[in-house]
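Please look through the sequence and the structure shown below. The paragraphs after them go through the sheet, the helices that lie across it and one helix pair.

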Amino acid sequence: MQFTKSISISSGKGGVGKSTLISNVAQYLSLQGKRVLLFDGDVGMGNLHILFGVNTDKSILNVIKENDSINDILTPVMPGVDLIPGGSGLVDINTLNPYERRNLIDAIDHLAQKYDYLLVDTAPGIAEHVLYLNAAVDHTVIVITSDPSSFADAYALIKILSLYHKVKKFSIVCNFTKDSSEGLLLFKRFSEVVHRFLNVGIDYLGSVPFENALRKNGLHRRLIMKERLSSSVIESIQDISVRILDERTEIKHSKGLQMLWSQVVGLA
Ligand SMILES: Nc1ncnc2c1ncn2[C@@H]1O[C@H](COP(=O)(O)OP(=O)(O)OP(=O)(O)O)[C@@H](O)[C@H]1O
Ligand SMILES: [Mg+2]
């Protein structure tokens, strides 16, 4: 039986390109015929719908707080890709009461098995719900840049996830690089530091070069594949997506999404 494969994307420092990367990977996977569910796990500050140029005033908060059906908030953003919007308004997923938690699990459970991939975008840093989301998925991707604080914060995130949340394998993407050799060098430096101090597996998914047009478009974000950007950016996204497709990561959660959400909101 085919289970949904779940992948999260996180970073120590904010603004390193997580949402840009994950939405473009979602697009690539859908073009390969995969059904993708995107969850904007940056609950309260979510902006994934903007990247797809879609308006929505609904979010996961409507399911949790107002008992809406998951289908009311599920937002198709392109053929093959549905989005669970994260919403705005600061709500901590950890403050939900047991009734609200149960609503959330039941709602998400109805989606299980309908998708090949669940891609979870997260807030940056080590907020508790970010740690839970990473602990719950099959595959954790961490984005780093050459900025020393991004490097150090990513190390801290991996340390906490490995020591307290049993995440033992991480895939790294280097963003804002000059070229692929700079990306590889950055990865090598980072993995050396991690291996020296932590007992975890680190592999390299690839790098994305800095693209001026992307930076300028910050306020009017669009999918990279749709823009006339340099082919090196498009190729780098494709390479990363292909590696994600090829990954032989073991599926940790034999019960699928129900298990994932149970872990996230702390209710079996
Ligand atoms: N390879 C790139 N080259 C240039 N700019 C990029 C690149 N990738 C992303 N950006 C830009 O960097 C900014 C931050 O990107 P994005 O919102 O994807 O980061 P994030 O990690 O999701 O941020 P946050 O931590 O706030 O959620 C955006 O303006 C985006 O267009
Ligand atoms: Mg983001």
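Which residue in E4 stands opposite Leu-38? In this predicted model, the residue facing Leu-38 is Leu-83 of E4. The two strands concerned are E2, residues 36–41, and E4, residues 81–84, which run parallel and are joined by 4 bridges.

The wider setting is an open sheet of 8 strands with mixed pairing. Read across the sheet, the order is E3-E4-E2-E5-E1-E6-E7-E8. The edges are taken by E3 (75–78) and E8 (201–209); each has a single partner strand, so one side of each is left without a neighbour in the sheet. Direction ignored, neighbouring strands are turned against each other by 25° on average. In a regular strand, side chains alternate between the two faces of the sheet.

At one of these edges, E3 pairs with E4 in the antiparallel sense, over 3 bridges. Here Pro-76 stands opposite Asp-82 in E4. The hairpin formed by E3 and E4 has 2 residues between the strands, and Gly-80 in this hairpin takes a positive phi near 90°.

Helices also lie across the sheet. H6, residues 128–136, lies across E1 (5–10), E2, E5 (117–122) and E6 (139–144), and runs at about 145° to E1. H7, residues 148–164, lies across E1, E6 and E7 (169–177), and its direction makes about 160° with E6. Both E1 and E6 are thus named for H6 and for H7.

Next comes a pair of helices. H1 (residues 18–31) packs with H10 (residues 231–246) at an angle of about 65°, the axes being 9 Å apart. That angle makes H1 roughly perpendicular to H10. The crossing of H1 past H10 is right-handed. On the H1 side, the contact is made by Asn-24, Val-25, Tyr-28 and Leu-29, while H10 contributes Ile-237, Gln-238, Ile-240, Ser-241, Ile-244 and Leu-245. Sorted by class, this contact of H1 with H10 has 7 nonpolar and 3 polar residues, and no charged ones.

How far the predictor's confidence reaches is the last point. The average pLDDT of the protein is 83, and 78% of the residues score at least 70. Among its elements, E7 has the highest mean pLDDT, 97, and H11 (residues 257–265) the lowest, 61. Where pLDDT is low, the predicted coordinates should not be read in detail.

Definitions and conventions. Residues are numbered from 1 along each chain as its sequence is written. Chains are lettered from A and ligands numbered from 1 in the order in which they are written. This is a predicted model: local features need pLDDT of at least 70, side-chain atom pairs count only at pLDDT 80 or more; totals for chains, interfaces and linings use all residues. Axes are lines fitted to C-alpha atoms, for helices over the stretch in contact, and angles run from 0 to 180 degrees between N-to-C directions. Angles under 35 degrees count as roughly parallel, over 145 as roughly antiparallel, 65 to 115 as roughly perpendicular and the rest as oblique. A crossing is left-handed if the near helix is turned anticlockwise from the far one by less than a right angle, and right-handed if clockwise. Two residues are in contact if their C-beta atoms, placed from the backbone, lie within 7 Å. Ala, Val, Leu, Ile, Met, Phe, Trp, Tyr, Cys and Pro count as nonpolar, Asp, Glu, Lys and Arg as charged, and the others, Gly among them, as polar. Two strands pair if DSSP finds at least two bridges between them. pLDDT is the predictor's confidence in each residue, from 0 to 100.
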